[in-house]
Amino acid sequence: MKSLVIVESPTKAKTIKKFLPKGCVVDSSYGHIRDLPASAKEIPAKYKKEKWANLGINVDDNYEPLYVISSAKKKTVKKLKELIGQAGELILATDEDREGEGISWHLLEVLKPKIPVKRMVFHEITEEAIREAFVNFRDVNMNLVNAQEARRIIDRLAGYTISPLLWKKIAPGLSAGRVQSVAVKFVVDRERERMRFRSGSYWDLTARLATNGSDEGRFSADLTHLNGKRLATGKDFDESTGRLAKPDSVVLLNEADATDLKDRLAGGKWSVSDIETNIQERKPAPPFITSTLQQEANRKFGFSAGDTMRTAQRLYEEGFITYMRTDSMNLSGQAIAAARDEVVSLYGENYLYDSVRKFGAKSKGAQEAHEAIRPAGSKFRSPRDSGLSGRELKLYDLIWKRTVATQMANAKLEFTNVTVEAKEGDTTALFRTSGKKILFPGFFRAYVEGSDDPEAQLEDQEKQIPEMKKGDGITCNDIEAIGHETKPPARFTEAALIKQLEKDGVGRPSTYSTIISTIQDRNYVKKEGNALVPTFTAFAVTELLENHIPHMVDAQFTSLMEKRLDDIASGDESRLDYLKSYFEGDKGLRNVVENQESNIKPQDARRIDLPIEGLEDYEVMVGRFGPYAQNKQNGDVISTSIPVDMAPGDITVAKLKELMELSKEGPNSLGKDPETDKDIYVLTGRFGPYVQLGEADEENKKPKRSSLMKGMKPEDMDLATALKLLSLPRALGNHPETGKEVRAGVGRFGPFVVHDGTFKSLSKDDNVLEVDLDRAVQLLSEAPKKRGKGAAAEVLRELGEHNGEKINVLSGRYGPYIKYGGKNYSLPKSSSVENLDLNAAVEIIAKKKS
C-alpha cells in the first residue's frame, strides 16, 4: 500500500516529492482545512441559537472552539479523504512550528484516518533532510497544538469582545486585536512625540584645511570646543521645549556669533594639538532569524514584511533555504562546515575565522525553532548559479552572504582622530577630524549591513586624511558657518516597528508581517514613502483603549501573555488556566468591557486629544465620513472636514483656521460658467480641495465637481483653470484610424487618455488640461493592445490549482485581481503581484468569500 504524505502547500509538495520513496503520494491541504466561523452563514444550523455561536467559542464549556470547514476547503477535504482510502499509512509533513502542528492535528480530527499515522518534521527540504526525517517519525505534539489553539482563541476573544464596543462608540467596521492594538499604539505614541517636539537651532563651523598647501594634504574639520567649552549639538536640546537642557555646560552659537567667530579665526594660527590612533575589530552579525531578515530586507530592498515572508516561504518550499519562521540564531554543524568551505573557496584561508563561530543566544521569548535561516543543504548553492531571479534572487543572495560572513575573520580597522587648534587673540577653538582605514576587510568582503554591494562599500567605508603629527602647522583655506535645526523623532518604518515589537516581546516572528499588514489594511496606519503614519482613527481607538481597557495596549502585559503561550508550548502551563485568567474574573476582559461600556460616551470617544500647541480652542473629531474639526465663534459652532491626505501630525492651528474660515464664509464664486451661467466655486472636502459647478440644492443634489490636481492650490485657482478641470474628461477629437472619440481625464490612478476602452496613463511631463489629440494618439499607440469584447483579461501570473480550479492573477482596469472559479477577487493593499503565491491567494479568496 502507498504512503499518503500531506503538506500545506502545492509548491512544498512538488519539491518534497523528489526526495521521497517511490511509493509515496504527496498532496496539499492548502493551509488550515478548518477554522473558527468567519461569518454567521458558516455556523452550522444546530449551533445558530447558542448565545456563543457568533463568537465561535463555548466559553462555558472549557472554551471549546467551534471549528467549521469553509466552502473553499470542502473540495480539498473530499479529495484528501479519497486519497486516504487508497493509502496504507498517513504521513503528516506540515511545518514544524505551532501553526504547522495545528494544521496536522486538524487534518487528523477531520479526516479520521483508520490507517497508521506518522508525523514527519524537517527544517529544510533537501534530499538528506527528507530521508533522515522519513526514518525518524514522531507523534503530533499536543503542547504545540494547545499553544496554537490558545492563541487563536484568545485573539478571537479579544477581537470579538472589543470590536463591537468600538462600533458603538466610534464608528462601524473598526477592529481591535491583542497584538495589533499594541502595534498601533507604538505608531501613535511616536506621532505624539513628534507633535510635542519643539525644534531648536544652533550653528557651528566647518574649516577646510591643508597640511602642505597641496591637494593631497587637504581635509576638513568641524568645530567642537570654544575656549575650553564643548559646542552645543542637537543632542543637547530638550525636545519638549527646543531649548538647551543644560545651558551652562555648553556653548550655543547663533548665526551672528558663528559669522563673527569665522571671520576672527580666518586670520588665526592653526596647528595640530592632538592625535589619537586606535585599532578596532568588527565581528560579523549573527545569521538571520525571522525578525532580522524582515528588517534587513526592508532596509536594503524596501521589501515589506509580508513581501519578505512570502518570498522566503517560496525559497523554503523550493528547497533553497531552511525554515523561515525561527528565532534561533544557532547554525548546525552541517551549515557551519558548508559556510567555512565557501569562505576558503571564494576568499582564501586567511579570510576564514580561526575557530568555529557559534551564535547560541535567542531573542526574547524564543520559541521552538531549531536553526537560523540559512541556505539549505550540506553545500550552499551559489546565488549566481541558483537559477533564481527577481525578489527570490535578492533575498537568497542576502541570506547566503549573511550566513557565509558568520564564519569569516573579523574586520580590522584603524581610526585616527586629529584635533586642530586655532588661536586668535584670547580665543581658542578646537576643530576635529577623523580618518578610518580598513587594515583587513575580513567578513566585509561578503556582507556589510545596509549595503547591496560589499566590494563597492569597502571604499566608501574608508575615510582618508593626510599624515600629520602633533605640532604641525596647518593652513586654513576657508571656514563655513553652518546652521542646524534639531529634528523630531523619525516615524517608524516597517523595519523599525518590527525591531520595537521584538524588543518588547510583543507578538512573535511568525506574526510580525501579519500585524503590519493588518494595521494598514484596516486603515489605522498609512504608508508615506517608507514611513508608517497613524490615521485619526488610530488616535481615537488608541485613546479609548488607554482610558478604558489599558491592558489591551500595554506592551508589558501583551509580552507576558506571549510568554505564557510559550509555556503552554513547552507543557509548563495549562491552556484552560491561561484562557480563564485572560477572559474571566473581575479583571478579565469580559468583565472590564461590560463595566466600562456605560462609562464611554460616543461624543467623548470620537474626540481626539492631539498634543499640539494652541489647539485648546478646537475639537478634532472622528465622524462617520472621516475626521473633522470644530470650534465656537460668537456662540456658533463652526465645523470643517479635514482632508483625508492630512495626517494628525500635519495639523496646525493655522491650517485649522484656514479651513474654518472657508467653512464660515462659504464658497466664493470664481465667476460664471459661460454655458450654464452657474457660479463656479472652490471648496474643500474630506478628499481635499475641488471646484464645483453651481450650488447643491433640491433640484441639483450632486453638482459637477472636479478635484484640484497635484500641486494646485485653492488660493491660486482662477476661472479659466476651473473650467478646464470641470471639462474633464474632455474630448480631444476623433482617432485618425478608427474615427472614434479620444478623451483625457483623471482617474483613480492619475491622469489618462482613453480611446475605445483602451486607457494609457499620461507621463509626468504631460498635462491633462493641455494634452492634444496628436500626443494622445502617440501615447495610445504605446498601450497594450485592447482586448476584444468578451475576451480573457491578460494573465499576469499563473499560481496553480486549488480544488481542481485554476487560480490566476489578471490585469484589470482598476488594477490586478485574482480569478478563481469564475469569480474575481481584488488584491488587498498589502499584497503585490510579484510576491503573491498560491497559499496567499487561497487565503485572500477565503476571506473575501466570508
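Buried, as used in these legends, means under 20% relative accessible area. The model shown in every view is predicted.

**View 1. Helix H13 and what covers it.** This close-up is centred on helix H13, residues 494-504. Which residues of H13 are buried? They are Glu494, Ala495, Leu497, Ile498, Gln500, Leu501 and Glu502. Several elements cover these buried residues, including the helices H6 (180-196), H8, H9 (305-317) and H14 (512-521). Strands S15 (525-528) and S16 (531-534) also belong to that cover. Follow the chain just past H13 and you meet glycine 505, which has a positive phi of about 70°.

**View 2. Strand S5 between its parallel partners.** Strand S5 covers residues 87-92, and five of its six residues are buried. Strand S1 (residues 2-7) runs parallel to S5 and is joined to it by five bridges. To find your way in this pairing, look for isoleucine 6, whose bridge partner in S5 is leucine 92. Strand S6 (residues 117-119) is also parallel to S5, with three bridges between the two. Here leucine 90 makes a good landmark, as its bridge partner in S6 is valine 117. Between S5 and S6 the chain passes through helix H3 (residues 98-111), giving a right-handed β-α-β crossover.

**View 3. An open sheet of four strands.** As a reminder for this view, strands of a sheet pair through backbone hydrogen bonds, either parallel or antiparallel. The four strands shown here are ordered S21-S22-S23-S24 and pair in the antiparallel sense, forming an open sheet. Which strands stand at the edges? Strand S21 (669-672) and S24 do; each has a single partner strand, so one side of each lacks a neighbour in the sheet. On average, neighbouring strands of the sheet are turned by 25° against each other, direction ignored.

**View 4. Strand S23 and its two neighbours.** Strand S23 spans residues 688-693, and five of its six residues are buried, so the rest of the structure largely encloses it. Six bridges link S23 to strand S22 (residues 679-685) in the antiparallel sense. In this pairing, isoleucine 680 stands opposite leucine 693 in S23. Strand S24 (residues 705-707) is also antiparallel to S23, and three bridges join the two. Two pairs of residues can help you line up these strands: tyrosine 690 stands opposite serine 707 in S24, and glutamine 692 stands opposite arginine 705 in S24.

**View 5. Tyrosine 690 at close range.** This residue is found in strand S23. Is tyrosine 690 buried or exposed? Its relative accessibility is 15%, so tyrosine 690 counts as buried. Leaving aside neighbours within four places in sequence, tyrosine 690 is in contact with Tyr681, Val682, Leu683, Thr684 and Gly685, and also with Arg705, Ser706, Ser707 and Leu708. For a sense of distance, the C-alpha atoms of tyrosine 690 and leucine 732 are separated by 23 Å, while these residues are 42 residues apart along the chain.

**View 6. Leucine 610 and the nonpolar cores.** The largest nonpolar core has 98 residues, among which Ile170 and Leu610 touch the most other members. Helix H5 (residues 142-169) contributes the largest share of this core, with 11 residues. Not counting residues up to four places away in sequence, leucine 610 touches Met195, Phe536, Phe539, Leu615, Val620, Pro648 and Ile651. There is also a second, separate core of 58 residues, which includes Val5, Ile130, Tyr347 and Met408.

**View 7. Aromatic pairs and one cluster.** The model has 15 aromatic pairs. One of them brings together phenylalanine 288 and tyrosine 447, with ring centres 6.4 Å apart and planes at 85°, so this pair is edge-to-face. Phenylalanine 288 sits in the loop between strand S11 (269-282) and helix H8 (290-301), and tyrosine 447 in the loop between strand S13 (427-440) and helix H12 (454-461), so the pair ties together parts that are 159 residues apart in sequence. Phenylalanine 288 is buried, with a relative accessible area of 0%. Tyrosine 447 also counts as buried, at 4% relative accessibility. Elsewhere in the model, Tyr347, Tyr351 and Phe440 form one aromatic cluster.

Conventions: Residues are numbered from 1 along each chain as its sequence is written. This is a predicted model: local features need pLDDT of at least 70, side-chain atom pairs count only at pLDDT 80 or more; totals for chains, interfaces and linings use all residues. Side-chain values use heavy atoms; hydrogens and water are left out. Buried means under 20% relative accessible area, exposed over 50%, partly exposed in between (1.4 Å probe, protein chains only). Two strands pair if DSSP finds at least two bridges between them. A crossover is right-handed if, with the strands pointing away from the viewer, the path from the first strand over the helix to the second runs clockwise. A nonpolar core is a set of buried Ala, Val, Leu, Ile, Met, Phe, Trp, Tyr and Cys residues joined through side-chain atoms within 4.5 Å. Contact means heavy atoms within 4.5 Å. Axes are lines fitted to C-alpha atoms, for helices over the stretch in contact, and angles run from 0 to 180 degrees between N-to-C directions. Rings of Phe, Tyr and Trp (its six-membered ring) pair if their centres lie within 6.5 Å; planes under 30 degrees apart count as stacked, over 60 as edge-to-face and the rest as tilted.
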